[in-house]
Structures are given as structure tokens and as C-alpha cells.
Amino acid sequence: MAETTIETPTGDVVLSTAHPGGNADVVGHDGHTIVLEPEQRDSEKQWFYWNFEVRSRSDVTLDFRFHGCEPLGPWGPATTTGNDSWEWLGTEAATDRSQFSYSFAEGEVRRFAFSLPYQLRHLDRFLNERAQWTSLSRTSIGTSDGGRSVPCLSAGARGETRNIVLACRHHACETTASYVLEGIVDGLLTEGSDLLSTRRLHVFPLVDVDGVERGDQGKHRIPHDHNRDYATSNALLDSIPSLYASTEAIRNYLDRIDGQFEFSLDLHCPWMYGERNDRPFFVDDPDDVSPSVAALGQTLEKVTESRGSDGIRFDATPGTGIENFHSGEPAAPTFSQHLSDRGAISTTLEVPYFGVDGNEITSDSCRRFGVDISRAVIRFLTEGTG
């Protein structure tokens, strides 16, 4: 769906998904209630991401109800009248986890989304605001299948050195992780000068850049998604190319890096909400945690404790901050496994879409949490413990 014109008792509204990140299908309406569902596109399983715009030609109150799913978080939908400054509409706007209401003014244009969107324009804005950081460079490491540049950020020592690798948006819909990544880069550049004097930082901020801009779910793509696109060989073939141009570009880039891979972190978001999905956690076996992940988690817990109650807190307890995450996808190599095979201490961090009372997810709280992560990484790599 690109645009659908819907007649209401007081005038037409136009519901659109033509903007970057747009995703929704109108499956019915009666003038007062518009029934929608997320577009799954090439995902083999039902997923929950949605993002649409409404242009109203009159004063009207409308209900938006989702068919067959409950993709509303505890704070209602995210909303904005522009492109970048998103906020939660609020719990009072949501009837339940499948329906919310909004009263439009004549001529109002408003966007609503499952969670806080993050598009290519947000990355552009982030880098433009840090143009004075001459140590941070942005390059294109290739062209995606959709003809977009695959961005890579880098900073720090050059030549044969130790390398830190960060990645985000292997699954296009996992938006809040991108705000955390901004905070990590900020923290490493402002507080990690000693660390980066002997190490080089490499960042792949929008791995599935096509899916991000199209508004794809990106999770469980057929035959596999971007995070399962790192197989290098199998029993029959000594060399396997990536299915997607962007992951092939990343693999080729990593092949050209000099020195040792020391540390890697891949940022993701879990399922919608509830239990473990409401808190950040490293993906590992809580009954057999790797010493490195345990030490990093304990360091991050101490950093967030020292900050106090303002922002996202991390609990390193196995089963809380360290948790298994069985996605149901085929057992194919992930980005984290790929970097582990190259010798790095490598892990994945899941960032909630919403959080809980007192630990609410906002763009600012995510950025602050990212700075906390950078401080934990600096201590972990320079001291080895918390």
C-alpha cells in the first residue's frame, strides 16, 4: 500500500506509507475505525513492525485497530508531526494493545509507528551534528541490492592494530538499537581517546539499509535474513557468497582489515514486549556464560548503577541481563559468530522497544545507555574486568 483515501463523517483522510520506513496495510474501515495490519512482505513469519502517515482534511477523531495482532506497546504508538522528533502518544490513547484513537485537526499531518523510527536521515543528522569530529569518517563500502550506499563509520589508530567492530540493523525493524549505537559512538569518541589511540573502530550502522528505508520487517526473510548471511563454506562448497549485497560488502571489508579483531558487538531488538523483552540483555547461555560476556555485563551493571536512576539500567544477573534468545531461524552463522570465528570477543545485545515504568525507552535514554555501554567497553578492554 502507498496511499489510501478513506471517507469519514466529516471529510476524507489519506493514509500513506510512501515515506521512508512506511509499512501498513488497510484491511477495512467504516468511517470511524480504520483496520490495519503490518505488511509482512518477504518475512516467513508474522512480525509486528508498522509505520504510517495520516493527512486529515477535517476535524475528526478516528480509531485505528490492528487485525490479528497486538502491536501496541505500553505507552501507545510513537508519533510525530515531522520526520525526526518522535514521542509516545500515551497510554490514554490506547484502548488495548490492538487499538488506539487520535483526534485530528483540519489539515493536520501526523505519523504513527510501532516504536521510535530511525531512518538513514537520522544517521545523516547524527553525523552532520558531529562534523567537527575529524577523527570520525564515513565511507561507502559498497552498493546495496536497492542501489543505496552501504555506510561504514571508522575512527582511531590505523595500520596493523586491534579492531573493534559494531553493527546494527541486521533486522530492519529493530529501530531503538540505532539510538543506542549513536550513544556508543559518542562515548567512544569523547571518552575513549586512549583506547582508540591503539585500536581502530569500525561501525556498520545500517546493515540492511534497503529494508530500513523501505520499512521492511527484515526479520525471518525468505530464505534467510541479513543476520543469517555469514556462512563462508559448507560440506559441499569451500566458498559461499552472501545472498545480500550489503552483507557481502561487510564481509569483503572485514577481509581487508589489518591486525587482530579484539571485540565485536551487534545490536538488536527482541520481540515486542513482555518479560525479557522489556529489559536489555546480552545473548548467551545463562547457565554457561562465557567469562568475557559475564565480565562485560558486570561492568555495564556497575556503570549504570553509578549513574543512578536516570535512564536505562542493566542487571547482569544470568537469566536477566544474560539470556538465551531462540529466534526460530535456521542455524546459520550470524554476524556475531562470524566475528567470533575471526578471533574477536563477540556478543549480541538486545535493546527493548518500550521498556517498563521507570526504565522507559526514549531516544535520549537509549543514547545515554549507549554512552554507558561505551564506558563499559572501555573499562573491559583496558582493565579486563569491572
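Two strands count as paired when DSSP finds at least two bridges between them. Keep that in mind for the views below, which all come from a predicted model.

**View 1. Strand 6 and strand 10 side by side.** Here T61 stands opposite S103, a residue of strand 10. Strand 6 (residues 60–66) and strand 10 (residues 99–104) run antiparallel, and six bridges join them. In general, the strands of a sheet pair through backbone hydrogen bonds, in either a parallel or an antiparallel way.

**View 2. The five-stranded sheet.** Step back a little and you meet an open sheet of five strands, in the order 3-4-6-10-9 and with mixed pairing. Strand 3 (25–29) and strand 9 (94–96) stand at the edges with a single partner strand each, so one side of each has no neighbour in the sheet. On average, neighbouring strands of this sheet are turned by 25 degrees against each other, direction ignored.

**View 3. The eight-stranded sheet.** This open sheet has eight strands in the order 12-13-15-14-16-19-17-18, again with mixed pairing. Strand 12 (137–143) and strand 18 are its edge strands, each pairing on one side only. Look inside for strand 14 (residues 161–168) and strand 15 (residues 199–204): they run parallel and are joined by six bridges. N163 stands opposite R200 of strand 15.

**View 4. Helices against strands.** Helix 8 (residues 363–383) packs on the eight-stranded sheet. Helix 8 touches strand 14, strand 15, strand 16 (259–268) and strand 19, and its direction makes about 155 degrees with that of strand 16. Helix 1 (residues 120–128) lies across strand 12 and strand 13 (149–156), running at about 150 degrees to strand 12.

**View 5. An aromatic pair, F48 with Y353.** The model holds 28 aromatic pairs. In this one, F48 and Y353 meet edge-to-face, with 5.4 Å from centre to centre and 85 degrees between the planes. F48 sits in the loop between strand 4 (33–37) and strand 5 (51–56), and Y353 in the loop between strand 19 (345–350) and strand 20 (355–356), so the pair ties together parts that are 305 residues apart in sequence. Are these two rings buried or exposed? F48 is buried, at 2% relative accessibility, and Y353 is buried too, at 0%. Both also belong to one aromatic cluster, formed by W47, F48, W88, F114, W271, Y273, Y353 and F354.

**View 6. A second pair, F282 with F314.** The ring centres of F282 and F314 are 5.4 Å apart and their planes stand at 70 degrees; planes over 60 degrees apart count as edge-to-face, so this pair is edge-to-face. F282 lies in strand 17 (residues 281–283) and F314 in the loop between helix 6 (291–307) and strand 18 (322–323), which links distant parts of the chain, 32 residues apart. F282 is buried at 1% relative accessibility, and F314 is buried at 3%.

**View 7. Charges over rings.** R97 lies over the face of Y273, 4.1 Å from the ring centre. You can spot another example at W133, where the charged end of R130 sits over the ring, 5.9 Å from its centre.

**View 8. The surroundings of N51.** N51 belongs to strand 5 and is buried, with a relative accessible area of 1%. Its side chain makes a polar contact of 2.8 Å with the side chain of H19. Leaving aside neighbours within four places in sequence, the residues in contact with N51 include T17, G21, W86, F112 and P117.

Conventions: Residues are numbered from 1 along each chain as its sequence is written. This is a predicted model: local features need pLDDT of at least 70, side-chain atom pairs count only at pLDDT 80 or more; totals for chains, interfaces and linings use all residues. Side-chain values use heavy atoms; hydrogens and water are left out. Rings of Phe, Tyr and Trp (its six-membered ring) pair if their centres lie within 6.5 Å; planes under 30 degrees apart count as stacked, over 60 as edge-to-face and the rest as tilted. Helices (H or I, at least four residues) and strands (E, at least two) are DSSP runs, numbered from the N terminus. Buried means under 20% relative accessible area, exposed over 50%, partly exposed in between (1.4 Å probe, protein chains only). A charge sits over a ring if NZ of Lys or CZ of Arg is within 6 Å of the ring centre and within 35 degrees of the ring normal. Axes are lines fitted to C-alpha atoms, for helices over the stretch in contact, and angles run from 0 to 180 degrees between N-to-C directions. A polar contact is a pair of N or O atoms within 3.5 Å; within protein, one must be able to donate a hydrogen and the other to accept it, and residues adjacent in sequence count only if both atoms are side-chain atoms. Contact means heavy atoms within 4.5 Å.
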